[in-house]
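Welcome! Please look over the sequence and the structure below, then try each exercise before reading its solution.

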Amino acid sequence: MSDAYMPGFGNDFETESLPNALPQGQNSPQKCNYGLYAEQLSGSPFTAPRGTNERSWLYRIRPSVRHTSRFSVHEHEHWKTGPHICDDVMPIGQLRWDPLPMPNEKTSFIEGVRTMTTAGDVHTQVGMATHAYVCNTPMVDDYFFNSDAELLVVPQTGTLEIFTEMGKITVEPTEICIIPRGMIFQASPVDGEARGYICENYGAKFTLPDRGPIGANCLANPRDFKTPVAAWEDKETTCRVHVKWCGRFYVTEIGHSPLDVIAWHGNYAPYKYDLKTFSPVGAILFDHPDPSIFTVLTAPSGEAGTANIDFVIFPPRWMVAEHTFRPPWYHRNIMSEFMGLVHGQYDAKEEGFVPGGMSLHNMMLPHGPDTMGFEKASNVDLGPTKLDETLAFMFETRFPQHVTAYAMGLETLQDDYIDCWKGLKKRFNGTIEGNWD
């Protein structure tokens, strides 16, 4: 029942926390050992192709029909769901925020979710939402599952222990975890308080991107993904199960813990990944490749090559390109980009983008290095340079990201962000050399 993991991405796993709790040769015996109940958790339609068909068999103390009673409506004021379009927010523009402050009052993980943007439509299972979270107290007798989406959790400060139906995951800054749609869990800060980011994926689940000409290795390697072994909680106290369903929240009270799975097998399961194991690939002669080269996970849409969501990181790496402007270039994009910074400094923003901060560059709005970053990159001697002690990331989607009223009303919103490009002056003077004075 300790934190232990099985390696591999999308594998068919089997695990038991009591000997012979897992049936062999069949899924649903007439009587399961230990008096357990067998049930299936499906993450795809029954008839999905074998390569995308996902399901797990769970052997638990009580069936999940006993883990809910009558529901009542519950409010999470700051957690919003797409479509969520606020007509009274300020006009479009490039946006950036300082980190959310830690709360003074007791705040659990699900109470501390703060929606920054929404995109798409949860009712048609397309799009996403981006959230920041802050928490300083364990969930204890509160549990949660999300019928709308899978959750990609990116800690920025403080470690989380996430106890799911299928085992325990400890996830710390520089790691991520995925909690599948519909899976019951509770998340608690290990170090007293925690802050980070969440991508709520309404669409097709995250998978590894195709490597194409890169071949069989590098980027995120399947062996570095870790799925927990079976663990359970057997307590008979008043517990509350919170549910998110079509953008609304409900709660039900039961007399026991719903985390009672003694054994399971299948390929629909939570997992974690250490971003330090990502093997970046980049330019080794000239020019800056597209940021898609740093994609860790992608959630595909119905259109080939156009993601519902890409999860992209900017990790430590060597910069060696010759005669090249090395930071990300100035850009307008059909995709919408929400960025966060786990630690260190992002190479395109010398100032203002701090760990725990966030930025949003929506579809077709221009963005790129600030004035200081441009000046430095344009004049530096181009020897091999290690970009170290940094980790930024991006939630990128094909859909426009609508900013919530909460996000626009934050005191941490940087009113002067647009001014970071103000110093980019005209250097054209009709000569080949240009004016660099």
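## Exercise 1: An alternating strand

Find strand S2 (residues 13–16) and work out which of its side chains are buried.

Step 1. Phe 13 and Thr 15 point to one face of S2 and are buried, whereas Glu 14 and Glu 16 point to the other face and are not. Here, buried means under 20% relative accessible area, exposed means over 50%, and partly exposed is in between, using a 1.4 Å probe and protein chains only. Strands (E, at least two residues) and helices (H or I, at least four) are DSSP runs, numbered from the N terminus.

Step 2. The general pattern helps: in a regular strand the side chains alternate between the two faces of the sheet.

Step 3. Now look for the partner of S2. S2 pairs with strand S19 (residues 261–266) in the antiparallel sense over four bridges, and Glu 14 stands opposite His 265 in S19. Two strands count as paired if DSSP finds at least two bridges between them.

Before going on, please note that this is a predicted model, in which local features need pLDDT of at least 70 and side-chain atom pairs count only at pLDDT 80 or more, while totals for chains, interfaces and linings use all residues. Residues are numbered from 1 along each chain as its sequence is written, and side-chain values use heavy atoms, with hydrogens and water left out.

## Exercise 2: The nine-strand sheet

Trace the order of the nine strands in the open sheet and find the strands at its edges.

Step 1. The order is S1-S16-S20-S13-S10-S15-S8-S7-S28, with antiparallel pairing.

Step 2. Strand S1 (5–7) and strand S28 (402–403) are at the edges; each has a single partner strand, so one side of each has no neighbour in the sheet.

Step 3. Zoom in on one pair. Strand S8 (residues 126–135) and strand S15 (residues 194–201) run antiparallel and are joined by eight bridges. Thr 130 has Cys 199 in S15 as its bridge partner.

Step 4. Stay in the sheet and pick out Val 153, in strand S10 (residues 150–157). With 0% relative accessibility, Val 153 counts as buried. Beyond its neighbours within four places in sequence, Val 153 is in contact (heavy atoms within 4.5 Å) with residues including Tyr 133, Ile 176 and Tyr 197.

## Exercise 3: An enclosed strand

Is strand S24 (residues 336–343) largely buried or exposed?

Step 1. Seven of the eight residues of S24 are buried, so the strand is largely enclosed by the rest of the structure.

Step 2. Check its partners. S24 runs antiparallel to strand S27 (residues 391–397), with seven bridges joining them, and Glu 337 has Glu 396 in S27 as its bridge partner.

Step 3. S24 also runs antiparallel to strand S25 (residues 358–361), joined by four bridges. There, Met 339 stands opposite Ser 359.

## Exercise 4: A threonine in a loop

Which residues is Thr 81 in contact with, leaving aside its neighbours within four places in sequence?

Step 1. Locate Thr 81 in the loop between strand S5 (72–74) and strand S6 (95–97). Thr 81 is buried, at 11% relative accessible area.

Step 2. The contacts are Thr 118, Val 122, Tyr 202, Lys 244 and Gly 247.

Step 3. Look again at Lys 244: its side chain and that of Thr 81 are joined by a polar contact of 2.8 Å. A polar contact is a pair of N or O atoms within 3.5 Å; within protein, one must be able to donate a hydrogen and the other to accept it, and residues adjacent in sequence count only if both atoms are side-chain atoms.

## Exercise 5: A residue after a helix

Where is Gln 414, and what does it touch?

Step 1. Gln 414 is in the segment after helix H2 (405–409).

Step 2. Gln 414 counts as buried, at 12% relative accessibility.

Step 3. Not counting residues up to four places away in sequence, Gln 414 touches Arg 96, Trp 97, Asp 98 and Gly 352.
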